[in-house]
Amino acid sequence: MRIVVPAGGIGGARFLRGLKAALGTDASTGPDQATDHQITVIGNTGDDITLFGLRICPDLDTVMYTLGGGINEEQGWGRADETFTVKEELAAYGMKPTWFGLGDRDTATHIVRAQMIAAGYPLSAITEALCDRWRPGVRLLPMTDDQVETHVVIEDERGRRAVHFQEWWIEHRAALPAERIISVGAEDSRPAPGVIEAVKEADLVLLPPSNPVVSVGSILNVPGIRDALVDKTVVGVSPIIGGAPVRGMADACLTAIGVETSAGAVAAHLGSDLLDGWLVDEADAGTEVEGIEVRSRPLYMSDPESTEAIARAALDLALELRGDGGR
Ligand code: GDP
Ligand code: CA
């Protein structure tokens with residue numbers, strides 16, 4: 001079975017780990033592998049930012065480290081056994097910003113990426129090269145090789161201005177109300193090589209509990225991706241439980257685009273042309289969205305078993321909606 005998963009960072013990566021467990025596959029890296037199941041991840045690159053001359057791709061790296069066994073489990077991002085000497089040294093030079101947590105081990109990843117960028121490689125090729133080490137067991141594609149960055153229009157004592165999503169999210173903890181969220185460069189971007197092909201060949205598409213605005217939304221903003229996805233059976237897992245995000249500040253993003261923070265409103269926003277099925281938590285049982293099959297079940301990814309069960313439920317619903325009960 002071929003499955004495509006458009007994913008952000010932490011929520012996406014954890015769901016993918018559950019999906020791999022549910023499929024009982026750990027080595028589906030490409031169509032040439034002798035495995036039954038292949039997972040292709042379309043990774044969000046809207047959070048990407050250049051700091052200290054290094055191109056940082058938080059969501060791609062979170063997926064790669066999580067599935068490759070190098071993630072800091074408690075934090076959900078960054079490397080395990082990390083130290084921050086480089087960060088401290090940069091701060092001692094007065095280098096800004098100081099709010100970004102780039103660890104020493106992580107810096108090596110970024111030096112590899114910087115060197116390949118300087119040599120002219122596209123992000124998709126760089127991601128593939130990094131995955132040679134991490135063997136995430138999925139094919140990890142950036143949504144685009146073009147530079148697309150999420151910027152947020154805010155107003156503070158310095159006036160009304162657009163800042164990079166990371167500055168708003170990490171430095172300001174999304175506390176400054178966002179007037180608008182913009183995917184800068186999205187209009188002229190093209191899906192990365194392999195993205196549209198993977199969707200066309202997919203048996204089904206699963207949307208993990210990722211930020212519906214800045215992760216899933218950014219991916220859908222790349223021209224061609226949404227149109228390709230609507231032709232497929234798509235089942236999503238709600239990142240909103242009981243009217244609040246499970247972690248992070250997705251509510252601030254939803255408010256900025258005028259969408260209520262509820263499991264039903266997020267599904268309606270994604271659209272019944274895109275979504276065939278939607279899993280909501282038991283706390284949201286009774287949610288109805290026209291044109292979308294909504295089912296409720298526990299949706300907290302508290303441990304490997306519960307995460308695997310969520311992925312299996314998404315898979316089962318997708319197979320049911322496709323009209324082929326068996327796998
Ligand atoms: P990020 O890039 O690190 O922000 O990660 P994502 O884009 O994948 O988004 C994280 C989203 O997943 C947030 O909106 C969370 O509310 C949601 N989330 C995190 N943990 C869970 C969980 O255990 N269950 C569900 N249903 N959603 C979750
Ligand atoms: Ca992210």
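Q: Let's start with two aspartates: are D47 and D59 buried or exposed?
A: Both D47 and D59 are buried. Buried means under 20% relative accessible area, exposed means over 50%, and partly exposed is what falls in between (1.4 Å probe, protein chains only). One caution before we go on: this is a predicted model, in which local features need pLDDT of at least 70 and side-chain atom pairs count only at pLDDT 80 or more, while totals for chains, interfaces and linings use all residues. Residues are numbered from 1 along each chain as its sequence is written, chains are lettered from A and ligands numbered from 1 in the order in which they are written, and side-chain values use heavy atoms, with hydrogens and water left out.

Q: Which protein atoms are the donors of the calcium ion, ligand 2?
A: Donors are N, O and S atoms within 2.8 Å of the metal, or 3.2 Å for Na, K and Ca; water is not among the atoms, so sites may look incomplete. Here, the protein donors are D47 (OD) plus D59 (OD), listed twice, at 2.1 to 2.6 Å from the calcium ion.

Q: Where do D47 and D59 sit along the chain?
A: Helices (H or I, at least four residues) and strands (E, at least two) are DSSP runs, numbered from the N terminus. D47 is in the loop between strand 2 (38–43) and strand 3 (49–51), and D59 is in helix 2 (residues 58–68), so to speak a link between distant parts of the chain, 12 residues apart. D47 has another partner to look at: its C-alpha atom is separated by 6.7 Å from that of Q166, 119 residues away along the chain. Q166 lies in helix 6 and counts as buried, at 4% relative accessibility.

Q: How many salt bridges are there?
A: Side chains of opposite charge can pair when their charged atoms come close. The rule used is a side-chain nitrogen of Lys or Arg within 4 Å of a carboxyl oxygen of Asp or Glu, and the count comes to 11.

Q: Which parts does the salt bridge between R55 and E149 tie together?
A: The two side chains meet at 2.9 Å, N to O. R55 lies in strand 4 (residues 54–56) and E149 in strand 6 (residues 149–156), so the pair ties together parts 94 residues apart in sequence. R55 is buried at 13% relative accessible area, and E149 is buried at 12%.

Q: What does R226 pair with?
A: R226 forms a salt bridge with D273, with the closest N and O atoms 2.7 Å apart. R226 is in helix 9 (residues 225–230) and D273 in the loop between helix 11 (263–270) and strand 13 (277–280), so parts 47 residues apart in sequence are tied together. Both ends are partly exposed: R226 at 22% and D273 at 44%.

Q: Which residues are linked in a network of salt bridges?
A: That would be E293, R295 and E320. For the bridge between E320 and R295, the closest N and O atoms are 2.6 Å apart. It links helix 12 (residues 304–322), where E320 lies, with strand 14 (residues 293–296), where R295 lies, 25 residues apart.

Q: How do W168 and W169 pair?
A: Rings of Phe, Tyr and Trp (its six-membered ring) pair if their centres lie within 6.5 Å; planes under 30 degrees apart count as stacked, over 60 as edge-to-face and the rest as tilted. There are five aromatic pairs in the structure. W168 and W169 make a tilted one, 6.1 Å centre to centre with 50° between the planes. W168 is buried at 0% relative accessibility, W169 is buried at 18%, and together with F165 they form one aromatic cluster.

Q: Any backbone oddities: which peptide bond is cis?
A: The one from K96 to P97, with omega near 0°. P97 is placed in the loop between helix 3 (85–92) and helix 4. Also, D81 has a positive phi of about 50° although it is not a glycine; D81 lies in the loop between helix 2 and helix 3 and counts as exposed, at 63% relative accessibility. A174, another non-glycine, has a positive phi near 55°. A174 lies in the loop between helix 6 and strand 8 (180–184) and is buried, at 11%.
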